[in-house]
Amino acid sequence: MADNSDLWIGSAYLFLQSTSEKIVLPSVYGSSHQKSSVFKALKLALADSTGSLHGVDMLKVHCSEPHLIIQLKFCMRENCRKFLRSYRTGLFRESLQNHLQVTLSMTAVPVQVELKAGSDQLDRMLNEEERCLDCIYKEKPDRLRDEEIAELEESFRSLTCRQQSNNTTPSNNCNSLNSSSLSYCSGGSSLPPGATFIFQEQQFADRTLTPDDHQKFAKLVSKKWKQVGRSLQKNCRALRDPVIDNLAHEYDREGLYEQAYQLLLKFIQSEGKRATLERLIAALEENSLITLAEELLGLHPSENDTS
């Protein structure tokens with residue numbers, strides 16, 4: 001069983017199928033006009049299940065008729081527990097059906113749900129909450145957030161922020177959760193307002209990488225720069241293995257600093273505003289570079305060495 005003092009991360013797959021012959025969810029999601037509406041419904045229902053915008057992350061959506069399969073990432077045990085209780089009682093399914101009905105402008109969207117973690121069918125053990133939690137904890141996410149999901153997330157944030165700005169009721173804090181009108185905004189970031197992520201059970205504001213981040217990474221990552229590059233490549237087409245190998249060869253004489261600097265430069269140039277702190281921290285965490293991650297987050301700026 002996971003130690004609650006450690007960062008708790010787990011993964012599961014949510015299988016969705018419409019019980020209406022007129023609605024095939026993979027086809028609806030595959031439509032360019034309706035994809036964002038399905039994503040919004042999923043986002044709202046997952047937020048409802050935990051009471052938090054950040055309790056559950058969607059990493060990828062697979063279309064495999066008749067199922068729409070969503071890979072979920074849970075950060076923090078209690079968030080996962082809340083989701084499981086909402087799922088077990090049927091509240092999550094009800095919330096999802098309601099949101100799909102609204103976002104797709106349909107009279108009803110009946111949905112059947114299944115939850116799996118690896119080879120474990122969690123629907124068969126929902127009354128054994130701790131066992132479900134352990135199954136999810138054992139299944140670590142095998143990817144970063146898919147590029148398509150990242151784009152949908154960004155569009156969703158922009159839309160909800162515009163809705164908030166058009167609201168006649170003044171509000172200085174846009175982080176509250178509301179099922180009918182979800183807001184995601186806060187100031188001071190070059191990303192859509194409100195972008196945050198979890199690291200070591202703490203919430204941090206996300207932002208695009210800065211020159212200071214770039215230099216710290218190059219200085220401190222040392223020999224593990226290739227491993228970090230391979231973690232970033234899961235969601236960055238510009239960092240395929242031949243590119244990383246070419247950087248190693250081309251800047252071999254300049255040393256590790258320059259190799260690492262050029263790697264992150266390639267990432268920043270190719271991803272633009274999507275070259276975010278969250279993505280770099282996730283790559284560092286995946287390669288056990290916790291001290292460097294903490295350095296970038298300002299948790300102990302006086303230290304100069306990585307773990």
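## Ser18, the sheet around strand E1, and the helices

The backbone oxygen of Pro110 lies 3.3 Å from a polar atom of the Ser18 side chain, and the backbone oxygen of Ile23 lies 3.5 Å from a polar atom of that side chain. Such polar contacts are pairs of N or O atoms within 3.5 Å; within protein, one atom must be able to donate a hydrogen and the other to accept it, and residues adjacent in sequence count only if both atoms are side-chain atoms. The model is predicted, so that local features need pLDDT of at least 70 and side-chain atom pairs count only at pLDDT 80 or more, whereas totals for chains, interfaces and linings use all residues. Residues are numbered from 1 along each chain as its sequence is written, and side-chain values use heavy atoms, with hydrogens and water left out.

Ser18 belongs to strand E1 (residues 9–18); helices (H or I, at least four residues) and strands (E, at least two) are DSSP runs numbered from the N terminus. Ser18 counts as buried because its relative accessibility is 9%, where buried means under 20% relative accessible area, exposed over 50% and partly exposed in between, with a 1.4 Å probe and protein chains only. Leaving aside residues up to four places away in sequence, Ser18 touches Ile23, Leu25, Pro110 and Val111, contact meaning heavy atoms within 4.5 Å.

Of the 10 residues of E1, 8 are buried, so the strand is largely enclosed by the rest of the structure. E1 is part of an open sheet of 5 strands with antiparallel pairing, in the order E2-E3-E1-E4-E5. Its edge strands, each pairing on one side only, are E2 (56–64) and E5 (120–121). Helix H4 (residues 91–103) packs on this sheet, where it touches E1 and E4, and its direction makes about 130 degrees with that of E4. Two strands pair if DSSP finds at least two bridges between them, and the table gives the bridges for several antiparallel pairs.

| Strand pair | Bridges |
|---|---|
| E1 and E3 | 8 bridges |
| E1 and E4 | 6 bridges |
| E4 and E5 | 2 bridges |
| E6 and E7 | 4 bridges |

Individual partners place these pairs in the sequence: Gly10 stands opposite Phe74 in E3, Tyr13 has Lys116 of E4 as its bridge partner, and Ala117 is partnered by Asp120 in E5.

In strand E6 (residues 196–199), Thr196 and Ile198 point one way and Phe197 and Phe199 the other way, and all are buried. Thr196 has Ala205 of E7 as its bridge partner. The hairpin of E6 and E7 has 2 residues between the strands, and in it Gln200 takes a positive phi near 50 degrees.

Helix H3 (residues 77–89) has 13 residues and spans 19 Å from its first C-alpha to its last, close to the 18 Å expected at 1.5 Å a residue, a value obtained as 1.5 Å times one less than the number of residues. Its buried residues, among them Arg77, Phe83, Leu84 and Tyr87, pack against E1, helix H2 (35–50), strand E3 (67–75), H4, E4 and helix H5 (129–138). Just after H3, Gly90 takes a positive phi of about 90 degrees.

The axes of helices H9 (residues 241–250) and H10 (residues 256–271) come within 9 Å and cross at roughly 145 degrees. The contact joins Val243, Ile244, Leu247 and Ala248 of H9 to Gln259, Gln262, Leu263 and Lys266 of H10. Axes are lines fitted to C-alpha atoms, for helices over the stretch in contact, and angles run from 0 to 180 degrees between N-to-C directions.
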